[in-house]
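Okay, thanks everyone, I'll keep this short. Let me put the structure up, and then we'll go through the cysteines and one of the sheets.

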Amino acid sequence: MGQRHQVYLIAKVVPHDKTPREARYRCIGALHHQWCYGRSPLQATTRFMKLIKQKENAEIIQEEINALHGLYGVFRQEPDLPDIPCPFAHFLVSSSWSASYLDGGFDGSDTCALEAGGSSAQVDNNDGITIIEITDPEKPSYCFVIIRSSDVLPRMSPLSASQYVRSYYPKPENISMDEDDKAEEASVLATLQPFESSSLISSHMLAEAWPGEYKAKISTNLAATSSDLLTPRATVGVPSLADMVIGPALHHALQTGEIAQLEPFFWQPNKVTQMKQNLRTYDMLSGDAISLLTKIVNHELGETKTVDLANFCLMDDQIIAILSAQEGVEVLKLSHSKITIGGIRQLLPILPCLKRLVLMGTTITDDDVLALYSENPKLCNNIEAFIHPVFLKDIRRGVAPNAFSQITYTSSGTVAASIPYFTPAMIVQSITDNFSALMQDDEDAVRTAMCSLNPMLAIYASDHRRDGKLWAERSVPFVPQNTHRARALSNREGWVLAYWTDEFEGDQSYAFVRGKRGFEKEYKEKMREVFGDTKTARPPGMTEAQKRAKLESIRAEYADKLYEIFDLRSFFQELAREGRPLPPADAYARLEELFTKLDTKEGSPKLKMMTMGIFKKFYDKVAPLDLELRHM
């Protein structure tokens, strides 16, 4: 059953063993949705395009696309493309198709990944496909395609949003409509409105991405059809005389040491940016060049609170010297610089206001970043967005330990979403977004938001939204992980928000859970005495049933020694004791008010704090004995 729909992302990518002038469109992400038709594909496309146009998200997607150049063959040619070559972009499209924030609560559904290198036509499909081109994420284009025979629309041809949706909701011909018809037409028009300024993908682009599946003559003049890989769709103009002066003037000033002669440029629009771009072309910066760059950074910082040193050949000591002269830095971009993890350890203490750190394309490894968080967690307590590949992996391939996770147990199963770092402001926001669903009367919507994986992952994937920013406009700092539900509890990693709802009994309870370390060694020794070093050996004289009963007895005995549980208020008090910044008072007050309403809501199950006895039952359900032994 279903009304199946697929989504595909395409971008201009340089194939293996080809030059940049031979870049071709190809698929870099694919997704299956079981129930998606009518207005839904348009609404999801709008959510996705709004999300990737956010500057912070666009810069990560651009890094993912650039990392593909020269590595893989074109469609159905080796080297094969990974199934999910751009996990961050894939997560955003999955989020857009599986969760939407409507009227103070979430609506959504689950999706599943498809192979990026697969066919766009040979899939189980009922209601067409969506294709979105994201070579320049801030200027995406789109089309819809019908891949099965249709009496209404042409097959295997790019369709506009209007063509697609009007096949479900024809434009009314009768002026007199009843109220339901008027409401439906108003909804269709509102759904179409965002596409008025969007470009349509051409059949040529489709034929490039999937040769043989779409009919279009592929030009042999690749130079004429390929876009600039670093600045897609950029218009190459003739530089002005003033622009041509900056390069030589900068070179002369640095050679003679007379950088004061560049002072007039600081008062002319765009000239500071042009000086900075010229400095990026230098293989090495020192002396007067560093002084000039420091002045440029200080000039830019006053307006943006951002320092962008990406793509500069700067060493640790130079970066530290430049930033030591700045105050109030909230965003620091160091991608493709010479920074090391040692430099980061020195930088963080002198940047107390830092909220976003971008480290793409550096020599800093996954292990370097994980060691930083493990060994010096307080250095990172204020950071809402630590942008590094280790935190941008596919949801099932993450290696970062759990910092905070929500684990939901229902009579129909368990879902768990884990994030690698957080601030209290981010957690207040995500819990408010998530638990607001419980105020809805729509049981399906509640079940989707609280008990479905993809919507839960989407809810927790946001930095702190300020200045009235909508959820649809959020900046996504990491890809949350579908961590094994037993890991966070059995290994006592970070914090866990435990939520238990029984759809049949109507009971609901929650607790914030943290592992204790004092009895862990003793507990594991007692467990090993029973199951043996190999986890399969049975001590002499003990039957399998006796062994299991003994292990479960040990678990029950040690539960309150290994875990401590907190209610909402005491949880945030503990975060403050850990040295984390306080969340905004108004945001916390709204969350506390929400939990009070859920505890007193009439005609609904009350949301109560778990007792230790209920937590033990929750733990037995979520991380049963056999799973814990595997993770021990």
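First, a bit of vocabulary: buried means under 20% relative accessible area, exposed means over 50%, and partly exposed is anything in between. Keep in mind that this is a predicted model.

So, with those cut-offs, where does Cys-313 fall? Its relative accessible area is 27%, and because that lies between 20% and 50%, Cys-313 is partly exposed. Cys-112 also counts as partly exposed, at 39% relative accessibility.

And how many disulfides does the structure hold? The count is 0. Take Cys-112: it's in no disulfide, and the nearest cysteine sulfur belongs to Cys-36, 13 Å away.

Okay, on to the sheet. We've got 4 strands here, running β9-β10-β11-β12, in an open sheet with parallel pairing. Which strands stand at the edges? Those are β9, residues 306-308, and β12, residues 385-387. Each has a single partner strand, so one side of each is left without a neighbour in the sheet. As for twist, neighbouring strands are turned by 5° against each other on average, and that's with direction ignored.

Now look at β10, residues 331-333, and β11, residues 356-358: they pair in the parallel sense over 3 bridges. If you want a spot to click on, Val-331 stands opposite Arg-356 in β11.

Then what packs on this sheet? That's helix α2, residues 55-66, which touches β10, β11 and β12. For the orientation, the direction of α2 makes about 20° with that of β11.

That's it from me, over to you.

Note on methods. Residues numbered from 1 in each chain as written. Predicted model: local features only at pLDDT ≥ 70, side-chain atom pairs only at ≥ 80, totals over all residues. Heavy atoms only, no water. Disulfide = S-S within 2.5 Å. Buried < 20%, exposed > 50% of the residue type's maximum accessible area, 1.4 Å probe, protein only. Pairing = 2+ DSSP bridges. Helix = DSSP H or I, 4+ residues; strand = E, 2+ residues; numbered from the N terminus. Axes fitted to C-alpha atoms, helices over the stretch in contact; angles between N-to-C directions. Contact = heavy atoms within 4.5 Å.
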